[in-house]
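Work through the exercises below with the sequence and the model side by side. Each task is followed by a solution that proceeds step by step.

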Amino acid sequence: MDKIKDTRSFMRITHRYLGYFMAGIMAVYALSGILLVYRDTDFLKNEKKYEKTIAKDLTEKQLKKELKMKGLEVEKTEGSILYFKKGTYDAATGKAQYSKMELPFVLDKMVSLHKSQSKDAISPLSVFFGVSLFFFVISSFWMFNPKTKAFKRGIKFTIAGLIISIILLFI
């Protein structure tokens, strides 16, 4: 019986203090997640103009990759100049002039949390965040005695949450 009490006590205390520690990180992830919902709009974005010289004679596909512009399509070509929405590219000189709608610096950095890859400096934070959230899932089952009404109701809510998440994934 003492081992069960020790496990419950450990889970509750760790859940509590890890929760306080993670509150700031979760706030940033929550706000950036909300911003990501609107990434296909210009919500909170400002137009930023670019002028740079890149490689000459790029194809449309290469230009799209070089300028990091999704959906770039050449609308017309006059001589060596390719015209696309919000910009031009001179294939003879490599000069590109274009504009993009971008989030302000701080908001852009927040959104990058959700897009991190293993090679990024921020990736350990993302892994720590994910592992911590998973710990919260597991440790929450030690918050109440399994014989109580609150625990049994909690299990029903957990199952409902799982089912709704799975359904929404496949819609």
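**Exercise 1.** Which residue ranges does the domain assignment of the protein give for domain 1 and domain 2?

*Solution.* Bear in mind throughout that this is a predicted model. The domain assignment gives domain 1 as 7-40 together with 106-140, and domain 2 as 46-102. As a next step, take the centre of each domain over its C-alpha atoms: the centres of domain 1 and domain 2 are separated by 37 Å.

**Exercise 2.** Determine the strand order of the open sheet, and explain what distinguishes the strands at its edges.

*Solution.* Begin with the order, which for this open sheet of 5 strands reads β1-β5-β4-β3-β2, with antiparallel pairing. The edges are held by β1 (46-53) and β2 (74-78), and because each has a single partner strand, one side of each is left without a neighbour in the sheet. On average, neighbouring strands of this sheet are turned by 25° against each other, direction ignored. Now look at β2 and its partner β3 (residues 81-84), which run antiparallel and are joined by 4 bridges; for E78, the bridge partner in β3 is I81. Finally, add helix α2 (residues 60-67), which lies across β1, β2, β3, β4 (87-90) and β5 (95-102) and runs at about 55° to β5.

**Exercise 3.** Describe how α1 crosses α4, and then classify the residues of their contact.

*Solution.* Two packed helices are described by the angle between their axes and the distance between the axes. For helix α1 (residues 2-37) and helix α4 (residues 123-139), the axes come within 10 Å and cross at roughly 135°. An angle of this value makes α1 oblique to α4, and the crossing in which α1 passes α4 is left-handed. On the α1 side the contact includes M11, L18, F21, M22 and Y29, which belong to the set meeting residues of α4 such as L125, F128, F129, F135 and I138. Sorted by class, the residues of this contact comprise 14 nonpolar, 6 polar and no charged.

**Exercise 4.** At what angle do the axes of α1 and α3 cross, and which residues make the contact?

*Solution.* The axes of α1 and helix α3 (residues 105-112) come within 8 Å and cross at roughly 100°, which means that α1 is roughly perpendicular to α3. From α1, the contact is made by V28, L31, S32, L35 and L36, and from α3 by L107, M110 and V111. By class, this contact of α1 with α3 has 7 nonpolar residues, 1 polar residue and no charged ones.

Key:
Residues are numbered from 1 along each chain as its sequence is written. This is a predicted model: local features need pLDDT of at least 70, side-chain atom pairs count only at pLDDT 80 or more; totals for chains, interfaces and linings use all residues. Side-chain values use heavy atoms; hydrogens and water are left out. Two strands pair if DSSP finds at least two bridges between them. Helices (H or I, at least four residues) and strands (E, at least two) are DSSP runs, numbered from the N terminus. Axes are lines fitted to C-alpha atoms, for helices over the stretch in contact, and angles run from 0 to 180 degrees between N-to-C directions. Contact means heavy atoms within 4.5 Å. Angles under 35 degrees count as roughly parallel, over 145 as roughly antiparallel, 65 to 115 as roughly perpendicular and the rest as oblique. A crossing is left-handed if the near helix is turned anticlockwise from the far one by less than a right angle, and right-handed if clockwise. Ala, Val, Leu, Ile, Met, Phe, Trp, Tyr, Cys and Pro count as nonpolar, Asp, Glu, Lys and Arg as charged, and the others, Gly among them, as polar. Domain bounds come from an automatic or database domain assignment.
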